Amino acid sequence: MHEPILQIVGLSAHYGDFQALYDIDMTVAEGEVLAIIGANGAGKTTLMWSIAGLMRNGADQVRYRGEAIGGLRADQVAERGIALVPEGRQLFPSLSVEENLIIGGQVGRDGPWSLRRVFELFPILQERRKQASTSLSGGQQQMVAIGRALMANPDLILFDEISLGLAPVIIRDIYQALPGIVGGGMSAIIVEQDITKALSVSSRIYCLQEGRVSLEGASDTVSREEISRAYFGIE
Amino acid sequence: MNATQSHVTRTTSTARAAMLFGAIATAILIAAPWWAGRADMRLMSELFLYMALASLWNLMAGYAGLVSVGQQAYVGFGGYMLFALTIFGGLHPMAAIALTPVLGALVSVPVAILIFRLRGAYFAIGTWVIAEVFRLVFAQVLALGGGSGSSLPVGIVRSLADSRSGREALSYWLALGAALLVIAVIYLFLRSRKGLALTAIRDNELAAGSLGIDIWRTKFVVYVVVSALTAMIGALIFLQKLRISPDAAFSVNDWTAFVIFIVVIGGIGTIEGPIIGTLVFFLLRETLADLGTIYLMVLGLVAIIVMLKAPKGLWGLVRERFGLELFPLGYRVEPATGKKED
Amino acid sequence: MEWVNAIVQGTLLGGLYALFAAGLSLIFGVMRLVNIAHGDLIVLAAYLGLTTTIMLGMHPLAALLIVVPLMAAAGYGLQRGVLNQTLGDDILPPLLVTFGLSVIIQNALLEAYSADPQKMDAGVLETASISLGGLTLGVLPLLTFAVAVAIIAGLQWTFYHTALGRAFRAVSDNQDIAQLMGLNRRHVFGLAMALSLAVTAVAGVLLGVRTSFDPSIGGGRLIFGFEAVIIGGLGNIWGTLAGGVILGVAQTVGAKIDPGWQILAGHIAFLVILAVRPNGLFPRMT
């Protein structure tokens, strides 16, 4: 196994009095695609927000390439090469499609991804690049959200529920595009409720249940029974 | 826990002690004309009127989320109504004072309908525009002295009481009574169903709306009641001053800036805050007023620091430290005494 | 002809009000902040202009080279040092803190410059005029109006065609997601306030050349700017110009009827528009 790019050690997260995450341990290896599954409210999005810096944590609870980044702001995390495709796409409604992509490249990291390459990956976006991002369909908006994250040329990309609310055929297209995205050595964490999808793209899988890691294993060896138990908490 | 051994209550022993203390203090204050000097009584009158203004502003801003920087509109309006009703209406000053809240309420209704169209901070500046309109309109009324203002005729002043000391005592009692009335009205209002609705709105406007609380109406009622009482306080302020002019009556510094500082420093969103803030404000003023503009800068700076570092004000600090509540608004379950729960 | 003259003069006056409004509108658009001290900052800029002209013997317009960067720097510092701490869901802290700031600035100016009215000397510019079809137009009001149009066009361009404007819009849309794009919202807010006070600096210097000023007039300038914003429609930069012009015309026409009615007529125009078009005349379409 390669050096870990990301290490999460004893991470806990709170919203006021409510504790959303309990003592999470997790590692992502360089170039690895990791899947996180879990029911609604299991803490998946909270975990993504904690990594991306939208929720601040103890510095040592999140380590990226050996650096303690748990206490950094989201923009500082982004500068270090972590990009998040947020749940619900969250495009900027005041910005055009093209501007949404350009602003993703604002962090100014070098790498293979450019406006031209994003348009190659999702040609429909080139046609619509001057349009308001709100005028796109859900699937196209998801393409913009993915393209926007890629524009930052991240080394670690986080996908939070990218198939949520999309038609099956669109989900298929997006998952077909995924290997082309993460193939170039980029590490990825994919948060997904569709277990089959999650297993098909990842090398390892974590399951969260009520804020705790309930299962960790290799995607090709973990059994369905183990997953059901970990997912639903059925003993 | 056994239901027969515990009961739900609003009062606490501190609150009972505070009430007793309050009753004794009130008795002493009522007797002030027999023990206090003329200057002290004037100062205390002013203090009571500021306490009332601050409590009213706090009800709007701290509870209803209506931040106004234009309450000087109603202070000035009330003052001018006192002059107009006594000079042209021939009313006894006491009758005029009793009538000002009614007129204040009447004038605040169309104003509210108009400026409630503005949200949040823009509402605040909208209230200021209204106050400016009031000032400019009263400056046009030549019968009341136009831009330079006018004095209350001697005959009307004499009709209050024959002797000067009698007038001063009466004027003092009116100020004290007004402060007590305002604080009592606010306390009872906040304990009522409407008051609970108000607290619900402050805590979560969206949830309150979904619970069927008519937010607009509740805020409207608060605005009208506060404006009415502010007009009455305005009448009392200018009964003390005996002279009115547009600039004095509608001064944003005197009737809004100071009031906001009092509430912020004392503790916004609590009944106790404005009371404590008023005492602190007068303490500062009596010790630092010689510094003039520097004093005002210090006041502004203190308010900013309090807002940033201790947004619940002095009373918030005290309450956090000692868990005190002098005006209990919430309900609390008291376990039966002498029994240890299992 | 007198009425036409009143309308034309009011339109030119509206340029100044649009400048008061533009800075206010800008920061509201980016961070939903309403700066109660805005008017006092305009007056502060006028005093800075006065000091510069007196100490360095400069023409007021040349003084802009000093006052504009000074005010912009003050804006950035103010935002990062104080105002960023007040932003959030609660509208009270920004409102009350800027209110406190307003009182501080006003009294600091009183302390430094006294309550005596002051005026900047712009030499021949003050009296120069041109005749146009029977109307006499002052060069200074014309210049003010042209500057207002140029600044508003510049702001519009900045907002929609530059990386800075993109950052402003992104942060305004969603602060968290903008932060994910590597934008530090505290810095972006600082830049917005810097730009707002740069515009305010121009407004203040032009005000100080046009009329006499004293430390107490800030509140009134805030109100004019605010009225222009609301008349024009929230979030519309060109709307502030339209709003400023309508306010200016209402005032000059009001003054024509009765000199005592100048300001009152402006307020009444504002209240009428608030009553019939609560979102202003040109609200933002999106």
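1. How many helices and strands does the secondary structure of chain A come to? Counting them up gives nine helices and 10 strands in chain A. Keep in mind as you read on that this is a predicted model.

2. Let's stay with the overall build of chain A. Its radius of gyration is 17 Å, and the globule rule gives 18 Å for 235 residues, so chain A is as compact as a globular protein of that length. If you lay the C-alpha trace of chain A along its principal axes, it spans about 50 × 40 × 35 Å. Of the 235 residues in this chain, 47% count as buried. Now take the contacts in chain A between residues at least 6 apart in sequence: 65% of them join residues at least 24 apart.

3. Next, look for the sheet in chain A. Six strands form an open sheet here, with mixed pairing, and their order is 6-7-8-3-9-10. At the edges you'll find strand 6 (82-85) and strand 10 (212-218) of chain A, each of which pairs on one side only. From one strand to the next, the twist averages 15 degrees. As a reminder, strands of a sheet pair through backbone hydrogen bonds, either parallel or antiparallel.

4. One pair in that sheet is worth zooming in on. Strand 7 (residues 156-160) and strand 8 (residues 187-191) of chain A run parallel, and five bridges join them. To get your bearings, find A:L158, which stands opposite A:I189 in strand 8 of chain A.

5. Which helix of chain A packs on the sheet and touches strand 3, strand 6, strand 7, strand 8 and strand 9? That would be helix 1 (residues 44-52) of chain A, whose direction makes about 150 degrees with that of strand 7 of chain A. Have a look at helix 6 (residues 138-150) of chain A too: it lies across strand 6 and strand 7 of chain A, and runs at about 175 degrees to strand 6.

6. Here's a backbone detail in chain A. A:Q90 has a positive phi, near 50 degrees, and it is a residue other than glycine. You'll find A:Q90 in the loop between strand 6 and helix 3 of chain A. Is A:Q90 buried or partly exposed? A:Q90 counts as partly exposed, because it has 18 C-beta neighbours inside 10 Å, while a buried residue needs 20 or more.

7. Chain C has a similar little story to tell. C:S114 is not a glycine, yet its phi is positive, about 70 degrees. C:S114 sits in the loop between helix 4 and strand 1 of chain C. With 12 other C-beta atoms within 10 Å, C:S114 is exposed, because 12 or fewer is the cut-off for that label.

8. While you're in chain C, check out helix 2 (residues 38-56). This helix has 19 residues and reaches 27 Å from its first C-alpha to its last, close to the 27 Å expected at 1.5 Å a residue. Helix 2 of chain C is mostly covered, with 15 of its 19 residues buried. Right after helix 2 comes C:G57, which has a positive phi near 65 degrees.

9. Chain C also has a hairpin, made by strand 1 and strand 2 with two residues between them. Strand 1 (residues 129-132) and strand 2 (residues 135-138) of chain C pair in the antiparallel sense over four bridges. C:S131 stands opposite C:T136 in strand 2 of chain C. In the turn, C:G133 has a positive phi of about 50 degrees.

10. What about chain B? Its secondary structure comes to 16 helices and four strands. Of the 342 residues in chain B, 42% are buried.

11. Now for how the chains meet. Two pairs of chains are in contact, and chains B and C share the most contacts. That contact takes 33 residues from chain C and 32 residues from chain B. On the side of chain C that touches chain B, helix 4 (92-113), helix 9 (218-232) and helix 11 (262-276) of chain C each supply at least two residues. Helix 4 of chain C gives the most, with 14 residues. By class, this side of chain C has 25 nonpolar, six polar and two charged residues.

12. Chain A meets chain C through 19 residues from chain A and 15 residues from chain C. Helix 2 (74-79) of chain A supplies the largest share of the chain A side, four residues. Chains A and B, though, do not touch: their nearest C-alpha atoms are 15 Å apart.

Definitions and conventions
Residues are numbered from 1 along each chain as its sequence is written. Chains are lettered from A and ligands numbered from 1 in the order in which they are written. This is a predicted model: local features need pLDDT of at least 70, side-chain atom pairs count only at pLDDT 80 or more; totals for chains, interfaces and linings use all residues. Two residues are in contact if their C-beta atoms, placed from the backbone, lie within 7 Å. Two strands pair if DSSP finds at least two bridges between them. Axes are lines fitted to C-alpha atoms, for helices over the stretch in contact, and angles run from 0 to 180 degrees between N-to-C directions. The expected span of a helix is 1.5 Å times one less than its number of residues. Ala, Val, Leu, Ile, Met, Phe, Trp, Tyr, Cys and Pro count as nonpolar, Asp, Glu, Lys and Arg as charged, and the others, Gly among them, as polar. The radius of gyration is taken over C-alpha atoms; the globule rule is 2.2 Å times the number of residues to the power 0.38.
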